[in-house]
Structures are given as structure tokens and as C-alpha cells.
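I set out to look up cysteine bonding and aromatic contacts. My entries are below the structure.

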Amino acid sequence: MKSEFYNQRLGRTLLGAGLFTAALALPALAQDTGTDAGTATDAASTAGADMAYIFNTLLFLIGGFLVMWMAAGFAMLEAGLVRSKNVSMQCLKNIALYSVAGIMFWVLGYNLMYNDVAASGGYFGIPGPKAFEDVGGSDLETGYSAASDWFFQMVFVAATASIVSGTVAERVKLWPFLIFTAVLTGIFYPITGSWQWGGGWLSEMGFSDFAGSTIVHSVGGWAALTGAVIIGARKGKYGADGSVHVMPGSSIPLATLGTFILWLGWFGFNGASQLAMGTAGDVTDISRIFANTNLAAAGGVVAAVILTQIFYKKVDVTMALNGALAGLVSITAEPLAPSAGLAILIGAVGGVIVVFAVPLLDKLKIDDVVGAIPVHLLAGIWGTLVVPLSNSDASIVTQFIGVVAYGVFTVVATGILWFVLKMVTGVRVTPEEEAMGLDMAEVGVEAYPEFGTGSQRM
Amino acid sequence: MKSEFYNQRLGRTLLGAGLFTAALALPALAQDTGTDAGTATDAASTAGADMAYIFNTLLFLIGGFLVMWMAAGFAMLEAGLVRSKNVSMQCLKNIALYSVAGIMFWVLGYNLMYNDVAASGGYFGIPGPKAFEDVGGSDLETGYSAASDWFFQMVFVAATASIVSGTVAERVKLWPFLIFTAVLTGIFYPITGSWQWGGGWLSEMGFSDFAGSTIVHSVGGWAALTGAVIIGARKGKYGADGSVHVMPGSSIPLATLGTFILWLGWFGFNGASQLAMGTAGDVTDISRIFANTNLAAAGGVVAAVILTQIFYKKVDVTMALNGALAGLVSITAEPLAPSAGLAILIGAVGGVIVVFAVPLLDKLKIDDVVGAIPVHLLAGIWGTLVVPLSNSDASIVTQFIGVVAYGVFTVVATGILWFVLKMVTGVRVTPEEEAMGLDMAEVGVEAYPEFGTGSQRM
Amino acid sequence: MKSEFYNQRLGRTLLGAGLFTAALALPALAQDTGTDAGTATDAASTAGADMAYIFNTLLFLIGGFLVMWMAAGFAMLEAGLVRSKNVSMQCLKNIALYSVAGIMFWVLGYNLMYNDVAASGGYFGIPGPKAFEDVGGSDLETGYSAASDWFFQMVFVAATASIVSGTVAERVKLWPFLIFTAVLTGIFYPITGSWQWGGGWLSEMGFSDFAGSTIVHSVGGWAALTGAVIIGARKGKYGADGSVHVMPGSSIPLATLGTFILWLGWFGFNGASQLAMGTAGDVTDISRIFANTNLAAAGGVVAAVILTQIFYKKVDVTMALNGALAGLVSITAEPLAPSAGLAILIGAVGGVIVVFAVPLLDKLKIDDVVGAIPVHLLAGIWGTLVVPLSNSDASIVTQFIGVVAYGVFTVVATGILWFVLKMVTGVRVTPEEEAMGLDMAEVGVEAYPEFGTGSQRM
């Protein structure tokens, strides 16, 4: 099921377990002609493989539930950053997209990403009947449970879809959005994912993206960008005279909560992308990843706080929140190799990118409601390109090729999809519905019915 | 302390550890007359038992804190679904009930559920002086720490009490509710729990309820139902002409947050109900449980979204949230055996149940503020009855007997208790207090004092 | 890097691993002159050390992410307890302080707390170039990954800073607060922390504070107290006639959410302070800590609920929330040794302290917006002084000396710092800004712009 490359990434564990076994095997080798102790050693090495299997699987489960929790983070972040008349819609979209992503990644996506990618020449996996099997001997050889791996990979694809949800908020129609999500998570993301994590052509070329700055975040960002362009800006956002109308979100504490949830979930996102915890070396790497991930986020916050103070004379809390997220996205391509100081710096540059890119997008009249394009696309590109600075196995040329490849494919594929949806079903509510708010128009349940933010539900 | 049945459920670990030990023991057996290496093997097998003990206990701790977190999920879900004048009360009830449940389950409940249930013929455990002891040799033999098991079981009983809290919201008096909670968590739930998880008569009969669709959720649902009937509907909910007045909740994002919290916690609820993680087989089972649990919830969401679109022409976000929860409850009786596709289907039927049962309850003038009866009672029954479809050890007759037995006992016991409370202390606030809101009447602290949703606090 | 004392605390693991190794080594000792099996045993003991290393590190990682999550808990608790015009500021302060704390604890704090404290006579550690290193042989000997330990210690210092944030809310200026945070987390906390957890003079004397009732919570409380005194009360809080004006918080559900988050995080705070999970004994201790921590919080809630009912005729939900937190702080100094019943009692006294101390502080015109001084300072002192009741290794005299030492140092140091900041930058916004709210004055982003709680942002 798993590609060679995937096992290669996992190689550290298998290698670790191997070393572990080797250590245990040492006496056996040393006494070939001796007693039966060699047999005892074999048994002990089985025990070692078992332990590694449990630890590796446990890592996927813990990492998986932390990344699953990020779905709540995106929901709260986006609910806080849209206006109250669109909050129920945002909540609905986020729980629905997480559900659709999970089902599609079981139906189709997982195999399209991981199953025998070499057979297609490294461009996509082969759809098969089942994404994960019952426990079997092959599982023990692989070093982890197939279902735990499915779970861990599934929550990643859901993160990609969540990114899109924020950008196109406040004007997208529900059903076209859900259809878009189904195709993105069942087909597009898995295809490009196979290029690298499925062991396809980019991994063969030496592309390096540890936990998905490009594979997850920039893909979500590109899909958000094509959506924002094709769907168009919210009514009243940009004046004919070039003016930009600020549309403040409904709740800063919800947005803050969402950011903290995402920050917490990111320890699973980056940490469990080590893919193995069965050796001292692996768990030590995971520890470094935790520390670097936290420091990069902190760097993003501090950079955004200082910059907005300097440029706007006040500290913009939404920029601080997006600074944290940009720091996290930036370190995701390589959270292990950088020193702590470099991790802070990489994250800080992510924060700088956000502060400058948000107004820039407005200049381009690209209406990104929550700032997802600067955070996930631009910081994702930055994080991918900076990998060679700390990881000597990576080359800037290959990193660049990877960034462009993911960008071209995702822009074309999602652009066509958004366009087809626009033609077939429409992707945007009517101006009246937009003015009324999507909660009344599409959801039928207001977010805060008692607070006078719209007419009563009935 | 633990019943045979419990150990039987845990048998997989002990067996696993046994196999593990056996593998290690092999060389010893093979060289009986040989060197001292056999002693080394014994030592190594001790190591194996130790490792299994740590993994099993760790599973209870991780599962336990995830289920503890569900207390926050219920609090947020219910706070979001009541009107703002009752939100502080709902917050108070939920933190207080979690506290009361914990203390009562230590004082009385745990032993009543697990201690020597056979002595009573399988109908209840024997109250003892202490729920958990210091570490000792017996712990190592049991395969997990007693305190970790107490913690994990305690958070389950708290979940049961939380279910009741939602249904009877907006009119129940605080202190009678807390007394009800104390009796439910200290006596009623433990008694019926002993029938199955304590190794009592239902487990002898072959009843199957992996993580508590019936034992936890339907019990909470029955207790909520008797409460709703005896306390009566909120003023103005049902018109004399048979009309139903919709009373929208105060905050959809809080309800959404609560649902995501519950979904996250459910990985602990179902996953750690495997009760063991010390072998590759156990952790593989836990992985399947994670995947199936997630897919069932997703199925519930998708079903509710599609159905409400068809029937109401708009997607009801509260139905989507309750669809997720119904999917989760439905898979809880057997999250391991179903294939992934069946798990989606089981969850989807849960979602369908919610969409149809919510208006049905209103027809019956049973006022369930948050929809807990459809979600926990009806989907709980569904989940229990569908077990034989995937688990050939279960019989539909026995499943039916179990469902009825839990229903009869809980309806009678909680019915009497609610009735006695009604007679002795009253269970309902005055109409004036209900109109004013429980926050002013009973809590003295408004939830949102600045937002004009009632008169100022002072 | 680590002090002797720290290793002494960790002794249980090392000892455990030692015993474990010893058991494995037994045959080797028994057959000195025998076969090569002794070598096999050495290899197996290496495996044991490896397993212990993974478990210990995993404990730091899980405990660390749970305590990191407490940063969100403080943010939500404080956002809920301030008025809506100051909510964005509170969100900003909390994410910024967590970031600043992390960077400062890497730049300076960690080494000042743990590096060769003996060299200074036990009063502070020696600043070094790096807080944590790459994996190496020394790590394996220490028994855990250095980066995981850094991560776990870092989230503790962030908790200390969060405590201050709540007390001085609604009138403190952002930048002086952040400077204060940098010095507190980079210098003051590490210095006093080194006295005990760095193996300094107090640990030599036999002071006992398992997870930081004094070292973390009372230090935060003292720093909050000096801040409250030097910054002064909010305008209008205290009338010239001695009257106290209640200023209700903006959102009880957010405060409740924050409390649940903190409760959840506390399992990491106290549980992972066991510092080791590689033996059955350690994980059993962690289980007891989980159970006791939960019961103490429950005791605090129940005490506060009963007391406020008696004294005020209504149950104050904010007191119930602070009762939970006070129970948690109270048990933090010794969560392992008490029986479950004693844990409930210790927590309940914490709850009583809060109910009485909140009005007392108002009598003294010390304006503590969220009640952090009763919760963290007073319950922290109580928890520290009660340790000898259950832990016979602790002496009440030494506990008292410790409490006073931490108090004197922190009051003097933070008092001077607040005073210097007052002179140099000012620590308080202008009366106009205070009336307008800090969100408009300092952050430029209102928390709820659509809800009419202030003028529109632009």
C-alpha cells in the first residue's frame, strides 16, 4: 500500500528499530556457535518491533486527534472573522467540509495519494477498494497500523479544505462549496500529494516538505486564491474609487480561540509528521519539532505585533493572530533541522509577510475574508523555499520546482472546477442574499438571534 | 476489585502480554537443560508486562482527559442552544455536575459498579471504603493502574449527567438538579453499569455495548426524558392550538465549538474503551476505532445536511451538529467491528433519526431544549440494536433485552426521583423566574450583561 | 545541564530504569563465569533504557501541549471576565505574552533556572548559549530529550505571566506589560525557580512544591499583586464613600470555557510534573495525580457553590469557576501523596479561600479584575503549607520559609520593575482611553464591533 518513499521517510524508525534489533542481536552474532541465547535474542527483537509498532501508531493517533482539533480551530477563527450575519454559515461549512473530506478521503483520496504511485510513473496512486484493512502481518512489518495512518493523513486533507472556506466566506453558496470540497479532498489534493508523500516524481527529484508547507498549506491557499478571483469580492468591499472598506469580524475572542486551537493542533501536524516514535532518536526529533514549531509561531506573533505598532501606531490583534499562523506555516516545511534561533527567524519572516501581504491583496482587489492567502499560500511558499538553509539535503532549485508544480496544477485544476461550478450551479449567492447574510439565506439559523444583528429567524 | 468480565474484556491485553511473554519464553522452554539464559528471559518477560502496564495506563489517562474535555463540550453546546438569559445557569450546571459526579463516583459509584458484582448475583457491586488504592503488586497483575481506571470510568458517568442537563434547561431549579445528578452518578448509573461493565447478569447473557451507546448515552437519554415529562415544557413553547414556538439558541458558534469538542473527546470515549494498548493488536484496534468513529460522525453530518436541505429547503446547522453527535452515539456500541463503509452508514442513520425525531418530540410536547433525547437515547438504541450486523458474537434478542432493561430501570428510578424532588423541593422555577431567566433568578450573574438581553445585574 | 536536584526528582525514573535494568541484569550477575548471555542482557537493558527514554519524553510532550493549551484557557477566562471594550486587548496580551515568554525562556530563562545552579551557591543558573541541544549520548543518559524538557518548562513560565495579565486588565498599557512579561519570564521566574527546581538552596533545605503552587502560581500572584497596587484600581471601581462598583465581565460562557481548558491543562501541569513515565510505578503515580487533581478541583467547585448559596442566596458562577481553579492551585504543591478524600478537602479549602478573599481584596481596594490573586496567590500559599499533612518528607517550617522567600523576592523585584516602568514609560492608559476601552485605544480592533458596545472601528 505504502510507497517506497513513504517507507523511506519512515526509514528512521525502521532503521531505528533495526539498530535496536541489531544491538540486541549483537550477542547472537558474537556467539554463533554458542548456546541457544541467540534464539532468546530473536524473541527480544520481536518485542522491540512490537514496541516500535505501538509507539508509531500511538504517534499517529495523538497527532491525528490534535490535527482533527484544528478543524475546530479553523471554524472558530473563521466564525470570529466574518460578520455575525454569516457566522452560522461558516460554522456549518466547517463541520460539513470536515465530514465530506473524511468520507472522500476514504472513498478515493487515500489510495489516489498512496497506493502504488510508481505504477503511474509517479503522478498519482491507483484507486482501490479499501483505504485501510484489518490488522495483519503486513502491518507489523510496515511498523504502524494502517488505520492510524489513514486517520492521520485524512485530518491533513481536511485542513486544506478549511483554508479555502475562510477566504471565500460571506458570499459563496453552500452546495457548490461542498462539491468543490469533495473534489479537492478526494482528487486534487491526493494527486499532488502523491507526487511527494506518495513517493512520486517530486520526491524522486529530492523535493523536501516535512509536514506540508506546500503540499497542504499552499495547495489550500492556491485553491482559495482561484476561488476568491472567480467568485469575486464581497459587495461593498472595494469602492469604485479604489477605496477599501474594512469589514470587521464578529468576535475577536472566537478568532483568538481558533488561533490557539490551531497552534495546539500544529504540534500534532508537525510533530507526528516525524511518522515514527519507536526509538530514542525519533522522539528526540519530535521534541525538537515541538520546540521549533512553538518558537516559529512566537516569532510570527512578535514580528506582527512590532510591525503593526510601527506602521499603524496600534497593534492589530488580527495581525498578531495571523502572524502566529504564518509562523506556523513557515516552519512546517522543515521544523526539525533549524536551530531554535533560526526557527524564530523563519516564523518572524512569516509574520512580516502577513503584515505586508494583507493590504497588498486588497490593492489587487482580491477579497480574502480571513487572510488565508497570506498565511497559508505566501508563508507556505516562504517556508518551502527556506528549507535548504537548514537542511543540506534540499536544493533551492528543486524546492522552487516543487512550489511551482503545486501552484500550476492547483491553480489550473481548481480554477477549472470553480469555473465549471460557476457555470453549472452558480457559486455566489444573490446580492439580496449577501446583504441579508448567508445565515438567513442558506442556513435558516442565525448565529446570535437575540442580539439584533438581523431580523428574527421566524 | 475488577470483575471477571472486565478482565475478560481486558483479556486481549493480558492475552497479548501473554503471547508476548510466551514468545520471549520460547527459548527458555527450548533449552530447559541449558544455560542460565532462561532466567534472562524471565526478566525480559517482566519487562514486557511492565511495558504493557504503562501503555494500558497511558491509554486510560489520554482517553480520560479527552472524555473529561467532553464536559466542556456539553457546556458549550448547551450554552449555545439555550437563550442568553439562561446561559450562565447552563455553564454553572455543567461545571457543578462534573464536580458532583466526580465526587459521587469516588464516594460510592465506582464500587457499586465494579466491586465484586458477582456477590449480588450480578445486579450491583459492593460499596467499599475506597475507589482506588496506592500502587501495589496487584495492580501490576491487573495490567493497569487502578487510579487511571477510576479516572477513565468517572468521566463517563459525568457524560451521562451532562446529557440530562441539556434537555431540562431553561426551567429546572439548580439544587434539585444537583441532587438528581448526585443520585444518578452515585447510584443509578453505577447499578445499571454493573450489569454489563461490572460483569453482571447482562454481560453473562452476552449483551454487547463496547463504549456505552446504551450504558452511558441511552441512560442519560432516559433520565432526560423523565425529567422533560415531569418538569414540563418551557412556558410558551407549545401553543394551546398545537403550534410549536421555535426558541433559537443564543450562539451557534458556541454550539459548534461544543460539538467539535465532543467529537474530539469521542476518540477517547470509544478508543480508550479498548481498555488496553500494550500489544500491536490492541493499538491496531484502537486505530480502527478512531477511523470508524470519525466516519460515523461524518455520516451523521452529511445525512442531516442533505435531509434538512430536502425537507426544509435550507440546511439547519443545529441539525448538522446534532447529526454529528447522533453519528457518534450510534457507533459507540460497536466502533471496532464494522467496516468503514458500514460505520458511515450506521452514523448516517443516526443523523436521519435526529432529523425526524426532533419534530416528533415537539408533536408529543416533550420539550428537549438541545435535542439530547434524539441524539443520546434514540441513536443510542439504534447503535445498540445494530451491533449484531457486524459483530457475530452479539444477538439481536440479547441486545433488545439489554436496551429494554436499561430503559425500564432508568425510567422507573429517575421517574421516581424526579417526582420525589418535585414533591419535596420543587423542580421548576416560578413562571416569573422563568420569564426573567435563570441567570438572574438563580445565578445572579448574567451571561452577557452588556448586550441588553435582560436587565442589568445590579 | 540539569542540576543534581532535578535528576534527584527524576530519580524515580532513573531508579526505576535502574531496577528494571537490575532485574534484567540479574542473570548476568548470576553467571559471571558463564556463557555470553550476559552480553545479551546488556543489550536488553539498553532496550529498557530506550523505552524509558521514549516514555519520559512522551510525557513531557503530552504534558507540554496540555499546559500550552492553558494559555488559551487564561485568554478565554480573562476575555470573559473583562468588559467587552477591553476584550481584544486581553486576547492580544495573552497571545503576545505566551510568545514573549517562549522566546525569553529560550534566550535566557531556561539556563538561568537550570544550568549549573550549584556554581552560584544555589541562587541562580548560569546563562549559556543554548537552551537545548541536538540529540546526543548525554540525552540518553539523562533519560529524556532536552528539547522536550525545555518545552515543558517553557509552558510553565507562560502560565505565570498569564496570571498577571488577568489582574491588571482593563487599564494597563500594552508595551509596558510586554516588557514586564519579558523580564518576569526571562529573569525573575527563572531565578526563583532555580532555588527549587534548579536544585538551589531551597531544595537543599527540603522545600517541597511538586508542580508549582508556590513556584509558578504564587509567583504569578505576587507579581499580579504588586501590579494591581502600583497601577491602581480601575476608574469607578471604588467610590469615595467606600462603595464597590461591580463591573461584570462580558461573557460567562467564555469564562467557563477558559476554566474547563485550564482544568484540562492541569492534568499535564501536575501529571507530567512526575517527570517520568518509564516504569509502572511512575505511571501509577501519574494516575493518582490525575485523580487527585480532578477531585481537588471538584472540591473547590462544590465549596464555592455551597458557600455563595449560603452567603448570597444565589450561586455565583464566577465563584464556582474560580473555586475550580483555586482547588487546582491548592493541590498543585502535592498532588500525589494525599488520599482522594484529603485531595477533595484541600481543594475545597481553596474554594473557601476564594469566596472570602475576593470581597476582602475589594475592601483593601486592590482591584483584581479576574480574581487571580485569591486563586493563584492565596490558594497557592495554602497548598504549599498543607503539604506536610500528607508528605512526611516536608516540614511546615521549610514550607513557610519557601513561601516567604518566593514572596519577598517577587514582591521586591516585580515592585521595582513596575515602579521603574511607571516612571519611564507609564504603565497606565489615560482616563479617556480607559473610558473608551483599550480595544479602541491600543489595539484598534473592537472585540464585537457589531454589538454596539462602543463606537464603530472606523
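These are my notes, cysteines before rings.

**Cysteines.** I am working from a predicted model. I searched the whole structure for disulfides and found zero over all chains. Why is Cys91(A) unbonded? The closest cysteine sulfur, in Cys91(C), is 17 Å from the sulfur of Cys91(A), too far for a bond. The cut-off I apply is 2.5 Å between sulfur atoms. I then checked Cys91(C). Cys91(C) is in no disulfide either; the nearest cysteine sulfur belongs to Cys91(B), 17 Å away. I looked up accessibility next. Cys91(A) is buried at 0% relative accessibility. Cys91(C) also counts as buried, at 0%.

**Ring pairs.** I count 69 aromatic pairs over all chains. I opened one of them, Phe60(C) with Phe152(C): the pair is tilted, at 5.4 Å centre to centre and 35 degrees between the planes. This pair links distant parts of the chain, 92 residues apart. Phe60(C) sits in helix α3 and Phe152(C) in helix α6. Both residues are buried.

I also opened Trp266(C) and Phe269(C). Their ring centres are 5.6 Å apart and their planes stand at 45 degrees, so I log this pair as tilted. Both lie in helix α10 of chain C, three residues apart, about one turn of the helix. Trp266(C) is buried at 0% relative accessible area, and Phe269(C) is buried at 0%.

In chain A, I traced a cluster linked by ring pairs; its members include Phe60(A), Phe152(A), Trp266(A) and Phe269(A).

**Charge over ring.** Lys93(A) lies over the face of Phe177(A), 4.9 Å from the ring centre. In chain B, the charged end of Lys93(B) sits over the ring of Phe177(B), at 4.9 Å from its centre.

How values were computed: Residues are numbered from 1 along each chain as its sequence is written. Chains are lettered from A and ligands numbered from 1 in the order in which they are written. This is a predicted model: local features need pLDDT of at least 70, side-chain atom pairs count only at pLDDT 80 or more; totals for chains, interfaces and linings use all residues. Side-chain values use heavy atoms; hydrogens and water are left out. Buried means under 20% relative accessible area, exposed over 50%, partly exposed in between (1.4 Å probe, protein chains only). Rings of Phe, Tyr and Trp (its six-membered ring) pair if their centres lie within 6.5 Å; planes under 30 degrees apart count as stacked, over 60 as edge-to-face and the rest as tilted. Helices (H or I, at least four residues) and strands (E, at least two) are DSSP runs, numbered from the N terminus. A charge sits over a ring if NZ of Lys or CZ of Arg is within 6 Å of the ring centre and within 35 degrees of the ring normal.
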